[in-house]
Amino acid sequence: MEPCLFCKIEQGEIPSEQVYQDEDVIVFKDIAPKAKVHLLVVPRKHVSGLNDLLPEDQQLIGKMMLLLPELAKQQGLDDGFRTIINTGSGGGQEVFHLHIHLLGGNALPFV
Ligand code: AMP
Ligand code: ZN
């Protein structure tokens, strides 16, 4: 089966503007930014979305959550930031490899 887009980015087959990486997680700039800062926090392991997380992924998702304020600080988002996880087509998910959007740096619409 053809690897998904974010697996290809994780493998370096498709270029991305990475801002952080470790053994579990990669973070790169969204190709079509919806805010001044728009990063995608992506596990190296392929998980299709929130509905496919397993109990054994608890540490991984916890690590991703804890990384968010660190990244926001690195990006100078001192007055706050927004995180979004789209789940399934009904939730607006387009890439079926779990990712957390991290947005900020300008006024964001109320949701
Ligand atoms: P979602 O709708 O939550 O699945 O978000 C997918 C995101 O991936 C969108 O914001 C896209 O702009 C972004 N995206 C798609 N292709 C790439 C790419 N090659 N590099 C970086 N971001 C991408
Ligand atoms: Zn994948």
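In the predicted model, an oxygen atom of ligand 1 lies 2.8 Å from an N or O atom in the side chain of His 99. Two further polar approaches to ligand 1 involve the protein backbone. A polar backbone atom of Glu 94 is 2.7 Å from an oxygen atom of the ligand, and a polar backbone atom of Gly 92 is 2.9 Å from an oxygen atom of ligand 1. In total, ligand 1 is surrounded by 17 residues, the closest being Asp 30, Glu 94, Val 95, His 99 and His 101.

Of these closest residues, His 101 and Asp 30 were examined further. His 101 belongs to strand β5. Its relative accessible area is 12%, so the residue is classed as buried, the limit being under 20%. The side chains of His 101 and His 38 are joined by a polar contact of 2.8 Å. When neighbours within four places in sequence are left aside, the contacts of His 101 are Asp 30, His 38, Leu 39, Leu 40, Arg 82, Thr 83, Ile 84 and Asn 86.

Asp 30 is located in the loop between β2 and β3 (37-43). With a relative accessibility of 13%, Asp 30 is likewise buried. The side chain of Asp 30 comes to 2.8 Å from the backbone nitrogen of Ala 32. Beyond residues up to four places away in sequence, Asp 30 touches His 38, Leu 39, Leu 40 and His 101. The C-alpha atoms of Asp 30 and Leu 102 are 9.4 Å apart, although 72 residues separate the two in sequence.

Ligand 2 is a zinc ion, and its protein donors are the SG atoms of Cys 4 and Cys 7 and the ND1 atoms of His 46 and His 97, at 2.0 to 2.3 Å. The angles among the four donor atoms run from 103 to 117°, and the site is tetrahedral. For four tetrahedral donors the ideal angle is 109.5 degrees. Along the chain, the donors of the zinc ion follow the spacing C-x2-C-x38-H-x50-H. Because Cys 7 is in helix α1 and His 97 is in the loop between β4 (82-84) and β5 (100-104), this pair ties together parts that are 90 residues apart in sequence. Both of these donors are buried: Cys 7 has a relative accessible area of 15%, and His 97 has one of 0%.

Helix α1 also contributes to an aromatic pair. The count of aromatic pairs is one. This pair is formed by Phe 6 and Phe 28, with ring centres 5.3 Å apart and an angle of 80° between the planes. The arrangement is classed as edge-to-face because the angle between the planes is over 60 degrees. Phe 6 lies in helix α1 (residues 5-10) and Phe 28 in strand β2 (residues 25-29), so that distant parts of the chain, 22 residues apart, are linked. Phe 6 and Phe 28 are both buried, and the relative accessibility of Phe 28 is 3%.

Apart from neighbours within four places in sequence, Phe 28 is in contact with Phe 6, Ile 9, Ser 16, Glu 17, Gln 18, Val 19, His 38, Leu 39, Leu 40 and Val 42. The C-alpha atoms of Phe 28 and Thr 87 are separated by 19 Å, and the two residues are 59 residues apart along the chain.

Notes. Residues numbered from 1 in each chain as written. Chains lettered and ligands numbered in written order. Predicted model: local features only at pLDDT ≥ 70, side-chain atom pairs only at ≥ 80, totals over all residues. Heavy atoms only, no water. Phe/Tyr/Trp six-rings, centres within 6.5 Å; stacked < 30°, edge-to-face > 60°. Helix = DSSP H or I, 4+ residues; strand = E, 2+ residues; numbered from the N terminus. Buried < 20%, exposed > 50% of the residue type's maximum accessible area, 1.4 Å probe, protein only. Donors = N, O, S within 2.8 Å, 3.2 Å for Na, K, Ca; no water. Tetrahedral: all angles 85-135°; square planar, octahedral: opposite > 155°, others 65-115°. Polar contact = N/O pair within 3.5 Å; in protein donor to acceptor, adjacent residues only side chain to side chain. Contact = heavy atoms within 4.5 Å. Near = heavy atom within 4 Å.
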